[in-house]
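Work through the exercises below with the sequence and the 3D view open. Try each task before reading its solution.

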Amino acid sequence: MTEPSTEPALDAIRNFRDVGGLPTTDGRVVRHGRLFRSGHLAHATETDQAFLNSLGLHTVFDFRNAADQALDGHDVPLPGVRHVNIPLSDPAAGGAFWELVRRGEVKRLRRALAEGQGVRQMCDSYREIIRTRTEEQGRVLRALAAGDVPALLHCAAGKDRAGLTVAVVLLAVGVSRETIAEDYLKSNAAHRRYRLRRASSGEERELTALDQEIQELLAPMFDARIEYLTTAFDTIDRDWGGTDAYLTTALGLTPTHRARLGTHLLTPAVPLPNDDHRTGGRVPG
């Protein structure tokens with residue numbers, strides 16, 4: 001049987017994919033059609049909207065802040081779909097910087113990003129989300145556990161805030177960190193990358209059209225790098241002592257929440273064959 005496509009051809013939504021198909025450590029699989037991730041929906045065309053409507057979405061979680069929405073616009077409304085805005089970053093921290101990016105001010109970007117500063121800033125942002133956005137992350141996971149699915153989780157590019165939140169959801173249902181990392185790195189594919197709206201022209205242009213130095217300076221901000229996700233995982237281990245304690249203590253998930261997450265997001269567990277049953281109750285000698 002052919003699996004549902006996770007790579008639809010969308011006109012103006014970047015980095016969309018179905019998280020379905022990822023295996024858990026106990027032999028189950030994330031169900032297709034339950035959890036999606038993407039970049040923002042602000043410029044979705046009528047064709048894009050028709051595709052989103054076909055998914056039967058219950059909720060769209062938008063993790064952008066006010067500065068992001070001012071830059072790209074608010075999501076297009078989808079009939080019958082609940083839209084929940086849960087900012088995972090401070091607009092004051094990013095608004096001025098992204099204005100520099102839009103204007104391509106090389107000297108100021110060099111001062112902000114050269115000599116590894118961009119990588120450090122990205123690692124810091126992942127660490128900060130894990131440490132300070134526990135209420136917001138817990139809110140998302142509890143909503144999914146309550147049955148707010150199918151759900152689409154997105155930020156601006158669908159890479160960092162959405163990527164990290166999807167990672168936390170996958171941890172909660174038992175997907176291994178290695179498998180989560182493989183999915184996270186898929187955001188680096190050229191056709192998934194964020195397109196920046198340039199102030200000079202008012203139109204979107206690929207970053208590859210910019211000056212080489214600006215490309216290199218901005219690369220840490222537009223790449224999905226394993227050290228970013230590793231920073232988040234290391235913070236979970238260092239601050240809470242591991243995944244289970246983080247989910248319970250920081251995010252407020254109970255065993256019931258996690259069981260319900262599994263019910264909504266995973267295929268049923270397949271029972272292992274019973275040796276006694278297969279041998280007619282006799283133990284082979």
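The exercises that follow concern a predicted model.

**Exercise 1. Get an overview of the fold and its confidence.**

Task: State how many helices and strands the protein has, and what percentage of its residues is buried.

Solution:
- Step 1. Count the elements. There are 13 helices and seven strands.
- Step 2. Check burial. Of the 285 residues, 48% are buried.
- Step 3. Look at contact range. Take the contacts with a separation of 6 or more: 75% of them join residues 24 or more positions apart.
- Step 4. Read the confidence. The average pLDDT is 85, and 79% of the residues score at least 70.
- Step 5. Mark the weak stretches. Residues 205-210 stay under 50 in pLDDT, with 14 contacts beyond four places in sequence. Residues 275-285 are also below 50, and this stretch has five contacts beyond near neighbours in sequence.
- Step 6. Apply the caution. Low pLDDT means that predicted coordinates should not be read in detail.

**Exercise 2. Dissect the nonpolar cores.**

Task: Find which residues touch the most other members of the largest nonpolar core, and which helix gives that core its largest share.

Solution:
- Step 1. Select the core. It has 59 residues.
- Step 2. Pick the best-connected members. They are Phe61, Phe63, Leu141, Leu144 and Leu261.
- Step 3. Assign the main contributor. Helix 7, residues 161-172, supplies nine residues, the largest share of this core.
- Step 4. Follow one member outward. Beyond four places in sequence, Leu261 touches Leu141, Leu144, Ala145, Ala172, Val173, Leu253 and Leu266.
- Step 5. Look for another core. A second, separate one has 14 residues, including Ile13, Phe36, Leu57 and Val76.

**Exercise 3. Describe the cavity.**

Task: Say what lines the largest cavity and which helix supplies the largest share of that lining.

Solution:
- Step 1. Search the whole structure. One cavity of 30 Å³ or more turns up.
- Step 2. Take its volume. The largest cavity measures about 30 Å³.
- Step 3. List the lining. It consists of Arg37, Gly163, Val166, Ala167, Leu170, Ile180, Asp183, Tyr184 and Leu229.
- Step 4. Sort by class. Six lining residues are nonpolar, one is polar and two are charged.
- Step 5. Map the lining to elements. Helix 7 and helix 8 (177-184) each give at least two residues. Helix 7 has the largest share, with four.

**Exercise 4. Place helix 8.**

Task: Determine which residues of helix 8 are buried and what they pack against.

Solution:
- Step 1. List the buried residues. They are Thr179, Ile180, Ala181, Asp183 and Tyr184.
- Step 2. Find their partners. These residues pack against strand 1 (17-18), strand 2 (35-38), helix 5 (117-132), helix 7 and helix 10 (226-240).
- Step 3. Test one residue. Thr179 counts as buried because its relative accessibility is 15%, and the cut-off is under 20%.
- Step 4. Name its contacts. Beyond neighbours within four places in sequence, Thr179 is in contact with Leu22 and Pro23.

**Exercise 5. Spot the unusual backbone.**

Task: Locate the cis peptide bond, and say where Asn15, with its positive phi, lies.

Solution:
- Step 1. Recall the norm. Most residues other than glycine have a negative phi, and most peptide bonds are trans.
- Step 2. Find the cis bond. It joins Val149 and Pro150, with omega about 0°.
- Step 3. Place Pro150. It sits in the loop between helix 6 (134-145) and strand 5 (151-154).
- Step 4. Turn to Asn15. Its phi is near 60°. Asn15 lies in the segment before strand 1.
- Step 5. Check burial. Asn15 is buried, at 3% relative accessible area.

Definitions and conventions. Residues are numbered from 1 along each chain as its sequence is written. This is a predicted model: local features need pLDDT of at least 70, side-chain atom pairs count only at pLDDT 80 or more; totals for chains, interfaces and linings use all residues. Side-chain values use heavy atoms; hydrogens and water are left out. A nonpolar core is a set of buried Ala, Val, Leu, Ile, Met, Phe, Trp, Tyr and Cys residues joined through side-chain atoms within 4.5 Å. Buried means under 20% relative accessible area, exposed over 50%, partly exposed in between (1.4 Å probe, protein chains only). Contact means heavy atoms within 4.5 Å. On a 1 Å grid over the protein atoms alone, a cavity is a set of points where a 1.4 Å probe fits but cannot get out, and a pocket is an open set with protein on both sides within 12 Å along at least five of seven lines; lining residues have an atom within 4 Å of a point. Grid points are joined across faces, edges and corners, and a volume is the space filled by probe spheres set on the points. Ala, Val, Leu, Ile, Met, Phe, Trp, Tyr, Cys and Pro count as nonpolar, Asp, Glu, Lys and Arg as charged, and the others, Gly among them, as polar. pLDDT is the predictor's confidence in each residue, from 0 to 100.
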